[in-house]
Amino acid sequence: MLKPDPSRVAPFGFVTDGFCQTIGRTPLIRLHKLSEATGCEIWGKAEFLNPGGSVKDRAALGIVLDAEASGALQAGGTIVEGTAGNTGIGLALVGNARGYHTVIVIPETQSKEKIEGLRAMGAEVRTVPEKPYKDPDNYIRVSQRVAEQIPNGFWANQFDNVANRLAHYESTGPEIWEQTLGRLTGFVASVGTGGTLAGIALYLKEQNPDVKVIAADPYGAAIWSWVKLGHTDIHDGDSVAEGIGQGRVTKNLEGVKIDDAYRIPDDLAMEMLYHLLHAEGLFLSLSSAINVCGAAKLAKEGGPGQVIATILCDSGSRYVSRLYNPHWLQEKGLTPNAKGLEFLDRL
Ligand code: PMP
């Protein structure tokens with residue numbers, strides 16, 4: 001087992017200079033049961049402990065700092081973004097801390113915790129019907145138009161603005177590498193914008209090109225098809241996971257070496273979600289569970305002795321009315337029923 005090196009662990013009682021400096025330096029949590037079951041070391045990066053509650057705080061801060069430096073975002077300006085929620089929360093809070101207004105365009109299908117939370121945090125929220133990316137009324141395209149119409153508006157453009165992946169290249173990647181004492185052998189992440197997977201992958205491959213980088217895709221997304229087959233034509237099936245499920249190669253994903261991809265069905269991810277809650281005390285989102293399923297699959301495929309990290313993206317508290325609501329689960333046919341880890345056999 002990896003022994004944490006006390007000199008590399010954040011010292012007790014460390015202080016930060018405000019909200020923005022509190023983003024990052026999250027713990028890496030050993031997933032005991034999965035590590036024991038697979039003979040590997042499986043670790044989850046606790047991104048739900050960021051001050052805005054998700055992995056997207058890092059991208060939000062990176063995008064805002066980059067826009068300030070380039071002059072794209074001016075004092076007192078308005079940050080506009082199309083987001084499934086977490087980026088919006090990150091932008092709204094970074095915006096508050098640095099003196100900007102925030103306008104968020106969000107598909108009305110997203111959880112009410114996220115939509116109402118965004119309003120509570122001071123963002124102006126505009127909900128729009130869910131439309132495919134090619135439709136001019138897709139939420140991302142609407143957000144671009146809104147930004148153009150607002151004086152002093154800045155479109156964050158998280159999907160194609162590579163300041164997103166740069167934030168992970170500069171922070172999350174180095175943290176994971178240090179926290180695993182340079183012994184990491186594999187990294188797995190799902191893709192929304194691709195900023196997390198790409199930024200971390202770029203950093204890790206620079207440290208050791210043999211580190212395996214794997215995309216964990218939900219059904220209905222095309223990243224599995226892109227990695228395995230070189231095109232984005234296969235995106236059959238569906239998933240209830242929020243924040244992930246990409247149908248195209250974003251600028252953040254371009255030029256990144258991804259070694260393999262897995263497709264993780266929602267029913268197995270749901271078993272993992274409840275395993276993580278009941279056996280590890282970790283209350284998480286479905287994207288986190290898809291990530292951990294990917295890590296467990298890599299552990300099984302590559303065999304014992306690997307050191308594998310993945311991302312615990314955000315907290316289950318954002319999904320109480322869905323993922324943790326027995327009626328909703330029943331309606332979706334996703335009620336978990338595993339007694340132990342036997343579902344790993346189906347990964
Ligand atoms: N999980 C959740 C819950 C998210 O909101 C996001 C971001 N949309 C991701 C995973 C994926 O992160 P990224 O955009 O960096 O690919």
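In the predicted model, the shell around the ligand comprises 8 polar, 4 nonpolar and 3 charged residues. In total, 15 residues surround the ligand. The closest of these are Lys 56, Gly 192, Thr 193, Thr 196 and Ser 287.

Polar contacts to the ligand involve both side-chain and backbone atoms of the protein. At Thr 193, a side-chain N or O atom is placed 2.7 Å from an oxygen atom of the ligand. Gly 194 contributes through its backbone, with an N or O atom located 2.9 Å from a ligand oxygen atom. A backbone N or O atom is likewise involved at Gly 243, where the partner is a nitrogen atom of the ligand at a distance of 2.8 Å. The ligand taken alone exposes 390 Å², and 96% of that area is buried by the protein.

The packing of helices was examined for three pairs, beginning with H2 and H6. Helix H2 spans residues 56-70, and Lys 56, one of the closest residues to the ligand, is thus the residue at which the numbering of H2 begins. Helix H6 is formed by residues 163-179. The axes of H2 and H6 lie 8 Å apart, and the two helices pack at an angle of about 125 degrees. Because angles of 65 to 115 degrees count as roughly perpendicular and those over 145 as roughly antiparallel, this value makes H2 oblique to H6. The crossing of these two helices, H2 and H6, is right-handed.

H2 also packs against helix H3, which covers residues 86-98. For this pair the angle is about 50 degrees, and the separation of the axes is 8 Å. An angle between the limits of 35 degrees for roughly parallel and 65 degrees for roughly perpendicular falls in the oblique class; H2 and H3 are therefore oblique to each other. Their crossing has a right-handed sense.

Helix H6 has a further packing partner in helix H7, composed of residues 195-207. The axes of H6 and H7 are 7 Å apart, at an angle of about 55 degrees. H6 and H7 are therefore oblique to each other, and a right-handed crossing is found for H6 and H7. Thr 196, listed among the residues closest to the ligand, falls within the range of residues 195-207 assigned to H7.

How values were computed. Residues are numbered from 1 along each chain as its sequence is written. This is a predicted model: local features need pLDDT of at least 70, side-chain atom pairs count only at pLDDT 80 or more; totals for chains, interfaces and linings use all residues. Side-chain values use heavy atoms; hydrogens and water are left out. A residue is near a molecule or strand if one of its heavy atoms lies within 4 Å of it. A polar contact is a pair of N or O atoms within 3.5 Å; within protein, one must be able to donate a hydrogen and the other to accept it, and residues adjacent in sequence count only if both atoms are side-chain atoms. Accessible areas come from the Shrake-Rupley method with a 1.4 Å probe; for residues, only the protein chains shown count as cover. Ala, Val, Leu, Ile, Met, Phe, Trp, Tyr, Cys and Pro count as nonpolar, Asp, Glu, Lys and Arg as charged, and the others, Gly among them, as polar. Axes are lines fitted to C-alpha atoms, for helices over the stretch in contact, and angles run from 0 to 180 degrees between N-to-C directions. Helices (H or I, at least four residues) and strands (E, at least two) are DSSP runs, numbered from the N terminus. A crossing is left-handed if the near helix is turned anticlockwise from the far one by less than a right angle, and right-handed if clockwise.
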